[in-house]
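Trainee: Could you pick one part of this model and take me through it closely, keeping the cut-offs explicit as you go? I would rather follow a single stretch of chain into its surroundings than have a survey.

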Amino acid sequence: LLKPLAEAHPMDWHAAALLARAYAESGEKALRDQQIAHLLDLHKRAPDPDFAKLHIFPIQEIKLRSGYAVFLYPFEPLKPYNTYLVALIYTSDGKADYRLELGSEDADQAFFKPKKPGERRFSIDSYRKNETNENLPETQALYGFVDGVFDYDRMRDLMVKAANGEKLPGN
């Protein structure tokens, strides 16, 4: 049902975003990637001022050992940490728990790039509300580093491992 709607209205970002998510959730990687590229292009041209204000869109929901994760895909890496992917983690009863972010800070690249040109060093970090005092900043924890070029499937799978409490390869 979504594909005919998106084809009939190629400039409709709502339909494009829903179709990208449908492809992601059904495992149709090539079609998902094509639809993501279309959505990113629409955002650059942004004829709709409300769409132009968006920074991120939901791309996929993944079941975890306990709960689930909703992955959010930025239209471009989010500042200040160059966040390439966000996972909102929910408990099995649907309560928001924490978030994971895949970031690639520019400051880290100065040491990394000479060793591996064309690649980046990414970090997977968790962010939680301070449970003892809501007025304090959220807490941050580093899960580990990932080296390479951004690949949605690889990075998503590593973030799922982190959310499931598994050790990341090479960390």
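Mentor: What follows is a close look at one strand, then at the loop, core and pocket linked to it.

The model is predicted, so that local features need pLDDT of at least 70 and side-chain atom pairs count only at pLDDT 80 or more, whereas totals for chains, interfaces and linings use all residues. Residues are numbered from 1 along each chain as its sequence is written, and side-chain values use heavy atoms, with hydrogens and water left out.

The part I would choose is strand S3, residues 83-90; strands (E, at least two residues) and helices (H or I, at least four) are DSSP runs, numbered from the N terminus. Because 6 of its 8 residues are buried, S3 is largely enclosed by the rest of the structure, where buried means under 20% relative accessible area, exposed over 50%, and partly exposed in between, with a 1.4 Å probe and protein chains only.

S3 has antiparallel partners in S2, residues 68-74, through 5 bridges, and in S4, residues 96-103, through 7 bridges; two strands pair if DSSP finds at least two bridges between them. Towards S2, Tyr-90 of S3 stands opposite Tyr-68, while towards S4, Leu-85 stands opposite Leu-102. The hairpin of S3 and S4 has 5 residues between the strands, and there Gly-94 takes a positive phi near 85 degrees.

The loop between S2 and S3 deserves some care with the backbone angles. Pro-80 is placed in that loop, and a cis peptide bond with omega of about 10 degrees joins Lys-79 to Pro-80. Asn-82 is found in this loop too, and has a positive phi of about 55 degrees although it is not a glycine. Most residues other than glycine have a negative phi, and most peptide bonds are trans. Asn-82 counts as buried because its relative accessibility is 5%.

Next comes the core. The largest nonpolar core has 35 residues, among which Ile-59, Phe-71, Leu-100 and Ile-124 touch the most other members; such a core is a set of buried Ala, Val, Leu, Ile, Met, Phe, Trp, Tyr and Cys residues joined through side-chain atoms within 4.5 Å. The elements that give two or more residues to this core include S2, S3, S4, S5 (120-128) and H6, and H6 provides the largest share, 7 residues. Leaving out residues up to four places away in sequence, Ile-124 touches, among others, Leu-100 and Leu-102, and also Leu-158, Met-159 and Ala-162, contact meaning heavy atoms within 4.5 Å. Leu-158, Met-159 and Ala-162 are among the buried residues of H6.

S3 also takes part in lining the largest pocket, since the elements that give two or more residues to the lining are S3, S4 and S5. A pocket here is an open set of points, on a 1 Å grid over the protein atoms alone, with protein on both sides within 12 Å along at least five of seven lines, and lining residues have an atom within 4 Å of a point. About 340 Å³ of space lies in this pocket, a volume being the space filled by probe spheres set on the points, which are joined across faces, edges and corners. The lining has 15 residues, with Ala-96, Asp-97, Tyr-98, Arg-128 and Lys-129 nearest the centre, and S4 gives the largest share, 4 residues.

Key: 1 Å grid on protein atoms, 1.4 Å probe; cavity = no way out; pocket = protein on both sides within 12 Å on 5 of 7 lines; lining within 4 Å.
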